[in-house]
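This report describes how selected parts of one protein model are arranged. Please keep the sequence and the structure in view while reading.

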Amino acid sequence: MEIYHKDGTFPRYCDAVRKSLDPNKFNEFAQLTSNEERFRFVSGLRSIVDELQLKREYNGKGMEQAVALKTLGNKAFQAERWNEALVFYNKCYLSTPKENVQEKSIILANRSAALYHLEKYDLALRDIQRALAHQYPNQMMYKLTERKARCYLAKKDYETALECFKATVTALDDSNLPLERRQKLERDAQIMINVLPKNVETEKRNKKKASAKAAQQAGQPVKVPDHFVEQALWFDETPDEGRFARTSADLKPNTILLLERPHVSALLEDYSLDHCAHCFKRVSVPIACPLCADVVFCSDECEAKANATYHRYECGFLPILWGSGASITCHMALRMITQKSEEYFLKLKPELAGLTNEQIDKLPVDDYRKVYKLVTHESTRSPEDFFQRTLMATLLNVCLTLGGYGNCLQEQNYIGGLLVHNLQLLQFNAHEVSEMIRETPDDIGKSTFIGGGLYPTLALFNHSCDPGVTRYYRGNQVCVRTVKNIPADSMVAENYGPLFTQVRRDERRDTLLNQYRFTCQCEPCTENWPLFTEMDPSIIRFRCDGGKICSNVLIIPAAVNDFMVKCTECGEHTNIMKGLKSLQDTDMLFKSATRLHSSGEYETALRKYVEMMETMSEVLVPPYRDYHLCQQGLRACMLEFGNRFTKTVAKK
């Protein structure tokens, strides 16, 4: 991940600043040895900071725009176009300025009505509560209490519905409705007050039965927790490979190895208004930032967490970042700072240089020390690279300062140095967070980059062009699962981009060398495995029956007549008839798994693919077409458990 895109303002600014420095001045910068010194040098060029001319701006909110959107929403609502009304109410809510509190309460109430008609009762109830918290007019309160009652009625929570209908009768006393209209609403509410007590008694009996049933099922297995690392996983270290994942036990396909929340994450601009800025869940009924119209949240909890930490400093500066062409890693580098206080980083300063792996491994994922020592390749960077990153850190630090983060110049230099460091480590350790997006329900779908995340444990996994795992995302949480058998004491590798089945070795190695600064020595690279399209289906690669003492591959034509084949390495004979019979079985399994996958039965399809993979692993050695087709099926099924979205819903 690079630090900027060519179509923003930063590349031109960076180029102009670089050309303005005479060779002696740039050579002075090139001799500096610490990130803090580099930041102090660049930020000390006052013309640079002054030329940025940054200021905090809250765009996208205004009552004129909000009123127009509300009118469109009301027209759609009156025509019973509930989804269209919801879209306009969402936009109106995002556009309403913070100071227009009561107007915001009314739009939230209107949105709750659209949600009620769409049968999204929990979301409607949430908006009702938020409308009440925003000073909803007392003379209109009966609308909310009555709608609240109807929502609980639909949810079969009769006891709460009864209380809300009673509150409706009371609220009508404060309304300014015509007498006839008020009396009708009172009669309707009173009918429900008379009817509901019977339902309440039935509900209590049902709850008692449900409670007893839950007690009986208390011994059932619990769900996998939010954070999880497979016990067999451990992290080795060598001079050539750095830290990397190994397994102490044999791992079967479809084993969950890791569930991890990010140390830091940030959404791309294109997804900032339909995904939660904090957890990345797709949002259909957003909660707005009070000040800006640049982000949305999925819940009050996410909004509160964001505004208590990073968003209070980023608010009003996001359009500047996006317009500059700053990459997602720049946003993440900034957020690595803004999600903690300045005092937090000052306290850590004496510890950072001397951290050991043993100390780091025990730290929680949100601790900055957990990620500080991730690889940066600082020793191989050019002065030009350092200058670009330091200049970007200067821009980020101006946003911090204008946002109220930091006090004295000395502390700003330290934080600025951390920004330079963050920009380096994110280049090699950040992951693209994805979502499977389909145009229609029948579409095969496309894995789409929606944001970036830094996962401290996942960042330690090394690369292979034939990875043993795949990853997908639920919100911004990553899940890592195995897609093949991995023997004990083996490296557990993920993939940094190019797969051997799709990209030739020279191109893969060039890509990895340019982006990650290593020459890949994985098995497909050292043995130069063929592309998937070039694998010969008339040749079968059998595993020698010599077991652990022999790793020879028996290359047999599919039309062979001799079923006992002698190994040229160990001298043992292998009965390939058993292997051929197994392959017939896997052919049936593959057809069954593909059919189940197409019909949406992903769990069952996954079990079929796993059975197929285990059978083939006993008799075959990759690269082999059917083996890799099975892996592809495994990955495709697993992606269905992560973020996914279909643009056009199938008509009933």
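Helix 24 and helix 25 are roughly antiparallel to each other, a term for angles over 145 degrees. The model is predicted, so local features need pLDDT of at least 70 and side-chain atom pairs count only at pLDDT 80 or more, while totals for chains, interfaces and linings use all residues. Residues are numbered from 1 along each chain as its sequence is written, and side-chain values use heavy atoms, with hydrogens and water left out.

**Two packed helices**

Helix 24 covers residues 602–619 and helix 25 residues 625–639; helices here are DSSP runs (H or I, at least four residues), as strands are (E, at least two), numbered from the N terminus. The two helices pack at an angle of about 155°, with their axes 9 Å apart. Axes are lines fitted to C-alpha atoms over the stretch in contact, and angles run from 0 to 180 degrees between N-to-C directions. Among the residues that make the contact (heavy atoms within 4.5 Å) are Tyr-602 and Leu-606 of helix 24 and Tyr-627 and Leu-634 of helix 25. The loop between these helices contains Pro-623, which a cis peptide bond with omega of about 5° joins to Pro-622.

**Aromatic rings**

A pair of aromatic rings is described by the distance of the centres and the angle of the planes. Rings of Phe, Tyr and Trp (its six-membered ring) pair if their centres lie within 6.5 Å; planes under 30 degrees apart count as stacked, over 60 as edge-to-face and the rest as tilted. By this rule the count comes to 17 aromatic pairs. The centres of the Tyr-313 and Tyr-405 rings are 5.0 Å apart and their planes stand at 85°, so this pair is edge-to-face. The pair links distant parts of the chain, 92 residues apart, with Tyr-313 in helix 13 and Tyr-405 in the loop between helix 19 and helix 20. Both Tyr-313 and Tyr-405 are buried, that is, under 20% relative accessible area, whereas exposed means over 50% and partly exposed in between (1.4 Å probe, protein chains only). Ring pairs also link Phe-26, Phe-29, Phe-41 and Phe-387 into a cluster.

**Positive phi angles**

Which residues have a positive phi although they are not glycine? The table gives two, with their places and accessibility.

| Residue | Phi | Loop between | Relative accessibility |
|---|---|---|---|
| Glu-119 | about 65° | helix 7 and helix 8 | 59%, exposed |
| Asn-254 | about 75° | strand 3 and strand 4 | 26%, partly exposed |

Technical notes. Parallel < 35°, antiparallel > 145°, perpendicular 65-115°, else oblique.
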